[in-house]
Amino acid sequence: MDSIYASSSCTVPHLLRRETLFSPRASNSVLLRRAKKARRERVSCSAATTGSGVGSNGAVSRALQGLSNNSNTALEQLDIERGVCIPFRKYSPEIVRNKVLESRGSILSLMLRGVEIVWNLGLYWSNLVYDFLVGRDEEVVPYRARQLRNLLCDLGPSFIKAGQVLANRPDIIREDYMNELCILQDDVPSFPNQIAFRIIEEDLGQPLEAVFSKISSGTIAAASLGQVYRATLRATGEDVAIKVQRPGIEPIIYRDLFLFRTLASFLNGISIQKLGCNAELIVDEFGEKLLEELDYTLVYKQFSGQRVLVMEWIDGIRCTNPQAIKEAGIDVDGFLTIGVSAALRQLLEFGLFHGDPHPGNIFAMRDGRIAYVDFGNVAVLSQQNKQILIDAVVHAVNEDYAEMANDFTRLGFLSPGTDVTPIIPALEAIWQNSAGKGLSDFNFRSVTGKFNQLVYNYPIRIPERFSLVIRSLLTQEGICFTMKPDFKFLEVAYPYVAKRLLTDPNPALRERLVQVLFKDGLFQWKRLENLIVLAKENVAKMSSNPALQVKNTQSQRDLKVERKLDLTDTIKDGARLFFVDEGIRRQLLLALTEDSKLHIEELVDVYRLVEDQIDIPSVAVEVARDFPTVVRDLLLSWSESVLSDG
């Protein structure tokens, strides 16, 4: 049996571009606390708050001034792309600058570190240039990729973290290098136990034996920013996980971030040409995420310090051991269905999702539920971003590739004003080739491989949060295939999306549903039938899932498992639209009479699909209750049309 710890740091998922349902109590509480914190901080505002500057001399002073001048533009661009603004930032170039310069000897330290970085990276780059000149650049790729990984490890935690980010950035680095850098996400050396135990005692202000009755003699896991131990609380006997930050890491991170951004300013011309954005913006994305992971005080403050985090320990079976999951008698289909649904809900409903769901961070509970751990890397999608993602799905279904390309601009993949005309045929080829195979052969990895080629050849930048989305989906699909090679990811994903389109009362989703059901002005009867069938399939799978039959748990008391496809709100909203919206009314009437015939048979087919799912008297009562509102909206619509005509 493996063990689950709810951690709060670790991996964020960029070289050379040529041209529960989630976790049980502890993990859930971490996620909820972060969600509340995100909601408090992400408020609408006109500009980000920034810190004051600190002066210096000579070349360093000029670098600092340039850093300050460009910071607002890059951060504001990120806020616009995300659809949010963060007024109280943990990261800004000014904050980094002030932190770096507050210590004695900072200028000398910066200069020495800068020489170290430039020398090592310059030497590596000269090797690449030599390989190219002698014509052996392709044959030595595996060796150079390993050399890069080792170089990043030698340069320290900031560069290890950067390597982990590069491992998910096909817009910046070749795929063969990406594959090698993925090793950094799982294989990071630990630091000595004695140092870790001293840090714990310093931050908690007590000897180890006063807080813990026992502690593991070795690390449970090691990452770029810290490592984990298992212990037992002396006061309560609870098993806990202790995350300990690497010694002296904070000043190193701030110093390297300052140097990253200074070096990035010399690469802006290349970055704008290849990615459509300043290199500084990419560093700002990286810096924001890195400093968020470095803050251990976001969870369980009574047991947390700047460098130590104590969390609940929960037993489960790690997804790196699929055989043990099967031997434990866990329903694999049910577990995978829960996992896919959880991932989609995080992404499309909550807009708050686990950014690093590799097999070591996902566990199977004995009752079939899924547990996520290690919430240091949690990404947020704004309501605007979620709606654009759903727009992209709708445009894909409708094969509207021009609008799909525009969605890329709205999401920040392309800079505003970019001509999307050359990209449209490439998007069409990718989607037609992948979707044309059907559910049985479709997988995200093949689509992502083609997409990587697209971003490599066009000025497309993958925003950090979406690199995490791609990584999250790929990783979880890989887990599904490992546990069940013939598992069909989309056979779970499609029914979930169909159910949301049909039942979610969000006005934006209602609008998307109408877009899906009408194509070129014609009502898509078959598409409606398919949506209903898929949505019913989702309800059936979830209601019969063993993991959702668990009794007497906190999560189960809060969980409502639907036994039928509840279309009451959809029918009520449809009736309102029919009476109030003249355009929809005309379209629906045309749908019943198009091709010079009454489509009674199609209407009957749809009714037969839903008759066992809806209670007609109850729906009639709900529609009747809504009738005064419908009449009011109808009168308002009529009066507006009269006034506009007058």
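Start with the whole chain in cartoon view: its secondary structure adds up to 28 helices and 12 strands. Keep in mind that this is a predicted model. Switch on the surface and you are looking at about 29,800 Å² of accessible area, 56% of it from carbon and sulfur atoms. Of the 646 residues in the chain, 52% are buried.

**Stop 1: strand β4**

Select residues 226-233, which make up strand β4. Seven of the eight residues of β4 are buried, so the rest of the structure largely encloses this strand. Now bring in its partners one at a time.

Add strand β2, residues 212-215: β2 and β4 pair in the antiparallel sense, with three bridges. To see one of the matched pairs, pick K214, whose bridge partner in β4 is T232.

Next comes strand β3, residues 221-222, which runs antiparallel to β4 and is joined to it by two bridges. Here A222 sits opposite Q227 of β4. Follow the backbone between β3 and β4 and you trace a hairpin with three residues between the strands.

Then show β5, residues 239-245. β4 and β5 are antiparallel too, paired over seven bridges. V228 faces K243 of β5 across that pairing. This is another hairpin, with five residues between β4 and β5, and in the turn G237 has a positive phi of about 80°.

**Stop 2: T232 up close**

Stay in β4 and show T232 as sticks. Is T232 buried or exposed? Its relative accessibility is 7%, and the cut-off for buried is under 20%, so T232 counts as buried. Which side chain does the side chain of T232 touch in a polar contact? That would be D239, at 2.9 Å. Widen the selection to everything T232 contacts beyond four places in sequence, and you get V211, F212, S213 and K214, along with G237, E238 and D239.

**Stop 3: on to β6**

From β5, step across to strand β6: the two are antiparallel and share five bridges. K243, which you met opposite V228, also stands opposite L309 in β6. Highlight residues 308-318 for the full strand; 10 of its 11 residues are buried, so β6 is largely enclosed by the rest of the structure. Carry on to strand β8, residues 362-364, which runs antiparallel to β6 and is joined to it by two bridges. One pair to click on is I317 with A364, its bridge partner in β8.

**Stop 4: two helix residues**

Jump to helix α7, residues 175-181, and pick E180. E180 is buried, with a relative accessible area of 15%. Beyond four places in sequence, the contacts of E180 are A145, R146 and R149.

Now go to L473 in helix α19, residues 464-483. L473 counts as buried at 17% relative accessibility. Draw a distance from its C-alpha atom to that of P357: the two residues are 116 apart along the chain, and the separation comes to 8.8 Å.

**Stop 5: out to the surface**

Finish with the surface back on and select W125, V129, Y130, F132, L133 and V134, which together make a nonpolar patch of about 680 Å². Zoom in on V134, in the loop between α4 (106-133) and α5 (141-155). V134 counts as partly exposed, with 45% relative accessibility.

Note on methods
Residues numbered from 1 in each chain as written. Predicted model: local features only at pLDDT ≥ 70, side-chain atom pairs only at ≥ 80, totals over all residues. Heavy atoms only, no water. Helix = DSSP H or I, 4+ residues; strand = E, 2+ residues; numbered from the N terminus. Buried < 20%, exposed > 50% of the residue type's maximum accessible area, 1.4 Å probe, protein only. Polar contact = N/O pair within 3.5 Å; in protein donor to acceptor, adjacent residues only side chain to side chain. Contact = heavy atoms within 4.5 Å. Areas by Shrake-Rupley, 256 points an atom, 1.4 Å probe, with all protein chains shown as cover. Patch = residues over 30% accessible without salt bridge, like charges linked within 9 Å, V, L, I, M, F, W, Y side chains within 5 Å. Salt bridge = Lys/Arg side-chain N within 4 Å of Asp/Glu carboxyl O. Pairing = 2+ DSSP bridges.
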